[in-house]
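Trainee: Could we go through this structure together? I would like to hear the reasoning behind each label.

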Amino acid sequence: MRHHHTCFSGTPPPPQHLILPQRRLLLVRPPLLLLLLLLLSLTVSSWLAVFFSKPGQQQLPSFEFNHSLHKNNAHHSFAESVQDWNDSHSSGNLLGSPYHNWGLFASDFGEMLHKLKIFVYPDASMNQSSSPFARIFLPNPNPFHPKLANYFSEHMFKVALLRSSLLTTYPLDAHFFFLPFSINALRNDPRVRSEASISDFVAQYTSRISREFKFWNASGGTDHFYVCCHSVGREAASKHHDLHNNAIQVTCSSSYFQRLYITHKDVGMPQIWPRPPEKLLNPPEFRHRLIFFAGRMQNSHIRQELMAIWGNDTDMDIFSGNPPFPYEEGLRKSKYCLHVKGYEVNTARVCDAIHYGCVPVIVSNYYDLPFSNVLDWSKFSVIVSHKSIALLKKVLLSISRQKYLSMYQNLCLVRRHFVWHATPRGYDSFHMTAYQLWLRRGLHRLSS
């Protein structure tokens with residue numbers, strides 16, 4: 001059925017059989033009573049089938065768990081939990097769930113919402129006039145400004161954290177300590193700007209924190225973290241030994257190949273461009289183009305190779321620079337959207353594709369994909385090595401329609417993880433990033 005492949009970003013209503021009649025059961029007519037009993041038995045059977053599933057078969061959290069999560073997180077609705085259940089059990093999905101283990105993740109995620117506490121150093125709440133560098137630490141008052149778009153995630157993390165239930169003003173209760181400097185703000189400050197000056201500033205600030213507060217020295221900085229999406233951020237910690245080796249770098253430029261990114265310690269964060277909500281995605285049957293890509297070629301020999309081989313292919317829309325039609329149109333009408341490494345392994349194109357329901361094709365070696373310990377990216381994207389650019393069309397045409405539809409369906413499920421909210425809610429980007437910190441808790445503090 002066509003509507004099976006339509007994806008809504010809004011919260012669906014609960015199935016009708018879960019809405020109980022308000023009048024007394026004894027007053028219901030016998031035929032209706034029998035129908036209700038039949039529906040009840042079917043529901044119980046489904047529950048028992050999951051509860052007593054075979055070992056190795058992935059179990060999803062029950063409605064009861066998600067309902068308790070709803071009580072503690074007003075933005076995670078019961079209807080959303082029902083949708084999680086129904087979508088993850090859809091019979092037409094050839095690939096299975098896009099989660100490595102939904103039940104384990106959801107249970108641990110719920111515990112995180114209850115327990116995780118983050119202390120932010122007071123520079124993030126200073127008076128604007130109290131320091132000439134206040135703008136480096138304060139949350140950006142307008143993170144949606146077009147000039148900040150590539151660094152939207154860096155700014156939104158701080159905005160969301162300061163409005164989050166995870167925030168604590170009691171440092172002794174904290175699992176983690178946030179260093180609130182902004183690499184993007186430093187880069188745009190003419191007094192600092194250069195990579196060398198930025199690393200000097202960050203090193204001096206970290207040293208001051210270690211002198212004025214006891215918490216850095218209690219752990220050697222291992223329970224401290226900072227956030228950056230600017231490409232120069234990878235050098236920010238280079239002049240402070242403990243900041244580089246011990247503190248957690250939460251970054252969009254998460255590359256196995258970068259000397260200042262340590263995979264098991266640091267956290268990959270999605271680079272998201274602020275875009276208006278796309279509540280109803282263009283369904284697969286209206287996506288008539290095979291591939292879409294638009295971007296600069298100068299800073300990437302991989303993109304140049306892509307253009308040389310496939311630039312004139314009539315099944316592909318590949319453009320150097322801006323396309324001759326609105327960028328969003330290319331994402332809406334294509335089955336697959338390319339993310340090809342530029343200067344860094346990351347760009348906002350991966351999340352643009354997810355936002356518009358276009359299956360990402362990731363051509364970026366050594367990219368530590370965001371949330372990859374929770375999400376199985378192979379279930380909703382295609383990953384292609386640099387050396388396989390010449391085989392790109394063959395790879396995509398070899399994907400069956402059923403497999404593509406399964407990837408599209410899984411893409412609909414994971415979209416909510418790639419959205420920022422000023423006040424965080426549900427399984428959004430802030431909470432998913434915080435969950436990565438939660439997984440690194442308890443390995444840090446050396447003394448109190």
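Mentor: Gladly; what follows is a set of questions about the labels, and each answer sets a value against its cut-off. Keep in mind that this is a predicted model.

Trainee: Let's begin with the cysteines. What makes C229 and C252 a disulfide?

Mentor: The cut-off is 2.5 Å between the sulfur atoms, and those of C229 and C252 are 1.7 Å apart, so the pair counts as a disulfide. C229 lies in the loop between strand 4 (224–228) and helix 10 (241–245), and C252 in the loop between strand 5 (248–251) and strand 6 (267–268), so the bond ties together parts 23 residues apart in sequence.

Trainee: Why are C229 and C252 called buried?

Mentor: Buried means under 20% relative accessible area. C229 has 3% and C252 has 0%, so both are called buried.

Trainee: How do you know that C337 and C358 form a disulfide, and what is its handedness?

Mentor: Their sulfur atoms are 2.1 Å apart, which is within the 2.5 Å limit. The torsion about the S-S bond is about 100°, so this disulfide is right-handed. C337 sits in strand 9, while C358 is in the loop between helix 13 (349–355) and strand 10, so the pair ties together parts that are 21 residues apart in sequence. C337 is buried at 3%, and C358 is buried at 0%.

Trainee: Why is C351 left without a bond?

Mentor: The closest cysteine sulfur to that of C351 belongs to C252, and the distance is 8.4 Å, too far for a bond. C351 is buried too, with a relative accessible area of 6%. The count comes to 2 disulfides, and with the bonded cysteines numbered in sequence order the pairing is 1-2, 3-4.

Trainee: On to the sheet. Why are strand 8 and strand 11 placed at the edges?

Mentor: The open sheet has 5 strands in the order 8-7-9-10-11, paired in parallel. Strand 8 and strand 11 (382–383) each have a single partner strand, so one side of each has no neighbour in the sheet.

Trainee: How do you know that strand 10 pairs with strand 9 and with strand 11?

Mentor: Pairing needs at least two bridges. Strand 9 (residues 334–340) and strand 10 (residues 359–363) have 5 bridges in the parallel sense, and 2 bridges join strand 10 to strand 11, so both pairs qualify. V340 stands opposite V363 in strand 10, and V361 stands opposite V382 in strand 11.

Trainee: What makes strand 10 "mostly covered"?

Mentor: In strand 10, 5 of its 5 residues are buried. V359, V361 and V363 point one way, and P360 and I362 the other way. In a regular strand the side chains alternate between the two faces of the sheet. As for the connection, the chain crosses from strand 9 through helix 13 to strand 10, and this β-α-β crossover is right-handed.

Trainee: Which helices lie across these strands?

Mentor: Helix 11 (residues 301–310) is one of them: it lies across strand 7 (289–295), strand 8, strand 9 and strand 10, at about 130° to strand 8. Helix 15 (residues 401–414) lies across strand 9, strand 10 and strand 11, running at about 100° to strand 10.

Trainee: Why does D317 count as buried?

Mentor: D317 has 9% relative accessibility, and the cut-off is under 20%, so the label is buried. D317 is in strand 8 (residues 316–320). Beyond its neighbours within four places in sequence, its contacts include R289, F325 and K333.

Trainee: Now the rings. What makes F177 and F215 stacked?

Mentor: Stacked needs planes under 30 degrees apart and centres within 6.5 Å. F177 and F215 are 5.1 Å centre to centre with 15° between the planes, so they are stacked. F177 lies in strand 3 (residues 176–178) and F215 in helix 9 (residues 215–219), so the pair ties together parts that are 38 residues apart in sequence. F177 and F215 are buried.

Trainee: Why are F319 and F325 called edge-to-face?

Mentor: Their centres are 5.6 Å apart and their planes are at 85°; the angle is over 60 degrees, so the pair is edge-to-face. F325 is buried at 15% relative accessibility.

Notes: Residues are numbered from 1 along each chain as its sequence is written. This is a predicted model: local features need pLDDT of at least 70, side-chain atom pairs count only at pLDDT 80 or more; totals for chains, interfaces and linings use all residues. Side-chain values use heavy atoms; hydrogens and water are left out. Helices (H or I, at least four residues) and strands (E, at least two) are DSSP runs, numbered from the N terminus. Buried means under 20% relative accessible area, exposed over 50%, partly exposed in between (1.4 Å probe, protein chains only). Contact means heavy atoms within 4.5 Å. Axes are lines fitted to C-alpha atoms, for helices over the stretch in contact, and angles run from 0 to 180 degrees between N-to-C directions. A crossover is right-handed if, with the strands pointing away from the viewer, the path from the first strand over the helix to the second runs clockwise. Rings of Phe, Tyr and Trp (its six-membered ring) pair if their centres lie within 6.5 Å; planes under 30 degrees apart count as stacked, over 60 as edge-to-face and the rest as tilted.
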